[in-house]
2 protein chains.
Amino acid sequence: MKILLLDDHKILLDGLKFLILGQQEVDSVEAVSTVEEAMQKLESFRPELIVSDISVPKEGGIAFAKNVKSSFPGIKVIFLSMHEEPYMVKEALSTGAEGYVLKKAAHEELLKAIKEVAEGGMFFSAEIQKILIRRMAFPEDEKILTVREKEVLELIFEELSNKEIGERLFISERTVETHRKNLYTKTKTNTLVGLLKFALENNLISGLH
Amino acid sequence: MKILLLDDHKILLDGLKFLILGQQEVDSVEAVSTVEEAMQKLESFRPELIVSDISVPKEGGIAFAKNVKSSFPGIKVIFLSMHEEPYMVKEALSTGAEGYVLKKAAHEELLKAIKEVAEGGMFFSAEIQKILIRRMAFPEDEKILTVREKEVLELIFEELSNKEIGERLFISERTVETHRKNLYTKTKTNTLVGLLKFALENNLISGLH
DNA sequence: TTCCGCATCCGTACCAGTGGGTATTTTTTT
DNA sequence: AAAAAAATACCCACTGGTACGGATGCGGAA
């Protein structure tokens, strides 16, 4: 089996490559640190499995995985990430990836994931499984916001005042206040900070990082 | 030479240990993933050099380094971090660390840093050096936050009011207001949202779950 | 057709936080 | 011991957003 590794932290790459090559079922491992390199390697190297970080510069690992899955549906993907925020996990798994391993896990866990996925299965770190189960039990509290409310939310996080938001959206300051009120109600928060947290956890605002 | 490795990403740890052990001047390497473990190892293992991540859970690598430097001034410290925000770098180097290597660097760079620091020198990744030089040219009033200010910042993020923060820290509400004012000044922000963004970008606050 | 969600708008009282200060005590650094 | 930094506390005018109230029109679902 041939494996392609993608992570912009080169320091992790070298050690990881060595560890993975220690497995019998693995024939060769190529390691790259940008999405561009990865795309090139896809053609020449033809891996059966990709282990990718999520927070790679530019497009990011999720967009990369989407590309891979649509161009080469046969290739398996395992995410290797430090992020365990629900929205991240959701985005990642929506690409059709077969695994999600946290960077804080022991390396044996990644090896196990590789084995499992190579055999046609799936693998998720315990923390990720917990998230999946919770989502199952409490289905979607998240897309309850209307388009307009999301717009207002975005502008709140661009540090505009209600007045400025009103001017930007061509509505009265009063209306902005109402939207704001509704945002607090719907998100079950009652402070600006709480609202920000909610927005971040549910990936409702762009930017930041 | 004996080296202690601290990083909460265990996956990085195993590979790194192997790579470092390949060096002649290195006798043994111990790898731990929490600050508590690291403190224990300090007693029993007595390393001459520590390679530490900055964003380890709880206290964080910077507080850990401060402890180390005050209790064992002879021990050298190299930070291994993904962060290249000026604020982070400044705070890290204020501990008296001898090196700062980015995780995106090749592993050879870390090995070079270890060698250099072991011989009594210092080592910084190119990006970090650039920051240092720019700071030299523009003598930046940018101050780092005090312990108390960070405490207040944390509590702001726990959605406490100034009054509540005062009660929690046994100080007057007026004092909280002052700290808050200083936070805005030091971070060059003037809205709560701006402050939040600064804090998140420089991970000054423990994660939002 | 009726009903509901969405988006729009308004008033008023209230209060938490802002922004401009000043100033003392304690701790740390030099 | 002197100087600098940190932490503490206060005053006060002001503003932005909150918490109550309401209200209208419009389009799609039942």
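1. Quick vocabulary first: helices (H or I, at least four residues) and strands (E, at least two) are DSSP runs, numbered from the N terminus. Contact, for a helix lying across strands, means heavy atoms within 4.5 Å. Axes are lines fitted to C-alpha atoms, for helices over the stretch in contact, and angles run from 0 to 180 degrees between N-to-C directions.

2. Keep in mind that this is a predicted model, where local features need pLDDT of at least 70 and side-chain atom pairs count only at pLDDT 80 or more, while totals for chains, interfaces and linings use all residues. Residues are numbered from 1 along each chain as its sequence is written, chains are lettered from A and ligands numbered from 1 in the order in which they are written, and side-chain values use heavy atoms, with hydrogens and water left out.

3. Now the sheet in chain A. It is open, with 6 strands in the order 2-1-3-4-5-6 and parallel pairing; two strands pair if DSSP finds at least two bridges between them. Strand 2 (28-32) and strand 6 (123-124) of chain A sit at the edges with a single partner strand each, so one side of each has no neighbour in the sheet. Further in, strand 4 (residues 76-81) and strand 5 (residues 99-102) of chain A run parallel and are joined by 4 bridges. If you want a pair to look at, A:Ser81 has A:Leu102 of strand 5 as its bridge partner.

4. Which strands of chain A does helix 5 lie across? Helix 5 (residues 107-118) of chain A covers strand 1 (2-6), strand 3 (49-52), strand 4, strand 5 and strand 6, and runs at about 165° to strand 4 of chain A. Helix 4 (residues 86-93) of chain A lies across strand 4, strand 5 and strand 6, at about 145° to strand 5 of chain A.

5. On to the sheet in chain B. Here too you'll find an open sheet of 6 strands, ordered 2-1-3-4-5-6 with parallel pairing. In strand 1 of chain B, 4 of the 5 residues are buried (under 20% relative accessible area, 1.4 Å probe, protein chains only), so strand 1 is largely enclosed by the rest of the structure. Strand 1 of chain B runs parallel to strand 2 of chain B, with 5 bridges joining them, and B:Leu6 is partnered with B:Val32 in strand 2. Strand 3 (residues 49-52) and strand 4 (residues 76-81) of chain B also pair in the parallel sense, over 4 bridges, with B:Leu49 opposite B:Lys76.

6. As for chain B helices, helix 2 (residues 35-45) of chain B lies across strand 1 (2-6), strand 2 and strand 3, running at about 170° to strand 1 of chain B.

7. What surrounds DNA strand C? There are 16 residues, the closest being A:Thr146, A:Ser172, A:Thr175, B:Lys181 and B:Tyr184; a residue is near a strand if one of its heavy atoms lies within 4 Å of it. Those surface residues divide into 3 nonpolar, 7 polar and 6 charged. In that split, Ala, Val, Leu, Ile, Met, Phe, Trp, Tyr, Cys and Pro count as nonpolar, Asp, Glu, Lys and Arg as charged, and the others, Gly among them, as polar. Helix 9 of chain A gives the most to this surface, with 5 residues.

8. Some atom pairs to check on DNA strand C: a side-chain N or O atom of A:His179 is 2.8 Å from a phosphate oxygen, and one of B:Tyr184 is 2.6 Å from a phosphate oxygen. B:Lys181 goes for a base instead, with a polar side-chain atom 2.4 Å from a base oxygen.

9. DNA strand D has 15 residues around it, the closest being B:Thr146, B:Arg148, B:Ser172, B:Thr175 and B:His179. Sugar and phosphate make up 67% of the atoms of DNA strand D that come within 4 Å of the protein. A polar backbone atom of B:Ser172 is 2.5 Å from a phosphate oxygen of DNA strand D, and a polar side-chain atom of A:Tyr184 is 3.0 Å from a phosphate oxygen of that strand. For a base, see B:Thr178, whose polar side-chain atom lies 3.5 Å from a base nitrogen of DNA strand D.

10. Finally, two backbone oddities. A:Glu159 has a positive phi of about 65° although it is not a glycine, and it lies in the loop between helix 7 and helix 8 (162-169) of chain A. B:Lys188, also not a glycine, has a positive phi near 55° and lies in the loop between helix 9 and helix 10 (192-201) of chain B.

Notes:
Polar contact = N/O pair within 3.5 Å; in protein donor to acceptor, adjacent residues only side chain to side chain. Buried < 20%, exposed > 50% of the residue type's maximum accessible area, 1.4 Å probe, protein only.
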